[in-house]
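Let's walk through this model together, starting with its fold and ending at a few residues worth a look. Please keep the structure open as you read.

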Amino acid sequence: MVLGSYLSKGGSMAQYRALVGIDYPPNKRVEAGEIVSDLPGDAIKWLLEDGLIEDSSKSPKKVEAVVEEKPVTVIDLSDGISVEEAEAIVSSTPEAETIISEDK
Amino acid sequence: MPTFRHGKNTVVLFDKFDLSTYFNSVSTSAMAEAVETTTFGSANKTYAVGMKDGTVSLEGLWAGDVSGVDEVLATSVASATKKIITVGSEGAAIGRRAKLINTDETSYEISSAVADMVSISAEAQASGTVGGLDGGVLLAAQQSVTATVNNTSVDNSASSANGGVGHLHVTANTRNGAATIKIQHSANNSTWADLIVFTATTSATTTSERIEVAAGTTVNRYLRTIVSAFAGSSGSATITVGFARR
């Protein structure tokens, strides 16, 4: 079955992510991490069972959400810092969240 | 009818050296402790298998040439670096059985007699947390490589499920480029997955390497060695590769 005919009938080429380097006929090679759709049908079962390839629709590995911490500038006015000095500090760290404290 | 082998074709690879032509006797010994478990009421003794152990004994003729047997064995005694030994008692051919041993050389003796050749003997102690002395097969045997190559596969008739260990000995190398040597496995002898990728050899440099495949890893029925990349334009490398299943 040619690819166009296969796809027109609703089929889809299964894609797999190689987890190790694999050589397969005719003289093809896929490296670890690469996605391939033309692995021989008789090899897919054992490659999956051995954990040598995985379904490429799955995430390659769990990635934990990274919470980016924003820098914080704390200006304590009780330390005798003038308004001008405070403005200078804030302007020098524009990416930071500024907290102004007046605690005695 | 069993196929018996003559000992004259035995090969001994010691790290990056092929010392076969210096030795005239080699023996490998695999042992396991038998710990007695006999208790009252027993009419016969019973035992449980304890710790495994292994040794290698080498005997041959002394020679003082560069990278020869004396230079290699004398500097290896009590070395902190493990010595990788492959003994092919069936001879050097793909598929022949071999012992793959991770060793500490524990003794080296030179004997001179007035009416005889100067001779040597050495002992090496197998050492390894999983296994220091394994039985496997050769996947490349003193093979002179001048280009990338896929070697003939070796059929184990079935897969195994507990990893293994691979040895590479590059005992001669005049190639003016690097080589990448791998052990691959396959369930169908057609599609091949990398099992061990040895550190790429460097130009005109001999080397050896032992790589363990973790316990619990499936090793499929067929094994082969390939030289997947071979840089340079001239020269050759002589390689021996072995793999032992566990």
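Along its sequence, chain A runs α-β-β-β-β-α-β-β-α-β, which comes to three helices and seven strands. Helices (H or I, at least four residues) and strands (E, at least two) are taken as DSSP runs and numbered from the N terminus. This is a predicted model, in which local features need pLDDT of at least 70 and side-chain atom pairs count only at pLDDT 80 or more, while totals for chains, interfaces and linings use all residues. Residues are numbered from 1 along each chain as its sequence is written, chains are lettered from A and ligands numbered from 1 in the order in which they are written, and side-chain values use heavy atoms, with hydrogens and water left out.

How far can each part be trusted? The model scores ipTM 0.87 and pTM 0.82. In pLDDT, the predictor's confidence in each residue from 0 to 100, chain B has a mean of 96, with 100% of its residues at 70 or more. Chain A averages 73, and 52% of its residues score at least 70. Within chain A, helix α1 (residues 3-8) has the lowest confidence, at a mean of 42, and strand β2 (residues 22-24) the highest, at 97. Residues 1-12 of chain A stay under 50, and the model gives them seven contacts beyond four places in sequence; a contact means heavy atoms within 4.5 Å. Residues 62-66 of chain A are also below 50, with zero contacts beyond near neighbours in sequence. Where pLDDT is low, the predicted coordinates should not be read in detail.

Chain A as a whole exposes about 7600 Å², of which carbon and sulfur atoms supply 53%. Accessible areas come from the Shrake-Rupley method with a 1.4 Å probe, and for residues only the protein chains shown count as cover. Of the 104 residues in chain A, 23% are buried; buried means under 20% relative accessible area, exposed over 50%, and partly exposed in between (1.4 Å probe, protein chains only). Taking the chain A contacts between residues at least 6 apart in sequence, 45% join residues at least 24 apart.

Helix α2 (residues 41-49) of chain A is a good place to see how the two chains meet. Its buried residues are A:A43, A:I44, A:W46 and A:L47. Their cover includes β1 (16-18), β2 and β5 (53-55) of chain A, together with β12 (179-186) and β13 (192-197) of chain B. After α2 of chain A comes A:G51, with a positive phi near 75 degrees. Further on, the loop between β5 and β6 (72-76) of chain A holds A:S56, which counts as buried because its relative accessible area is 16%. Apart from neighbours within four places in sequence, A:S56 contacts A:Q15, A:Y16, A:R17 and A:I35. Another backbone detail sits in the loop between β2 and β3 (28-30) of chain A, where A:P26 is found: the peptide bond from A:P25 to A:P26 is cis, with omega near -5 degrees.

Now turn to chain B and its strand β8, home to B:L139. Is B:L139 buried or exposed? It counts as buried because its relative accessibility is 0%. Beyond residues up to four places away in sequence, B:L139 touches ten-odd partners best taken by example, including B:I94, B:V154, B:I183, B:L223 and B:F243. Another of the residues it touches is B:R224, which is 85 residues away in sequence but 5.8 Å away in space, C-alpha to C-alpha. Strand β8 of chain B also contains B:Q142, which has a positive phi of about 45 degrees although it is not a glycine. B:Q142 counts as partly exposed because its relative accessibility is 30%. B:D15 likewise has a positive phi, near 55 degrees, without being a glycine; B:D15 lies in the loop between β1 (11-14) and β2 (17-18) of chain B.

Finally, look at the second largest pocket, which holds about 160 Å³ of space. Its lining includes B:R97, B:G135, B:D155, B:R221 and B:R245. The elements giving two or more residues to this lining are β8 (133-145), β10 (154-155) and β16 (237-245) of chain B.

Conventions. 1 Å grid on protein atoms, 1.4 Å probe; cavity = no way out; pocket = protein on both sides within 12 Å on 5 of 7 lines; lining within 4 Å. Points joined across faces, edges and corners; volume = space filled by probe spheres on them.
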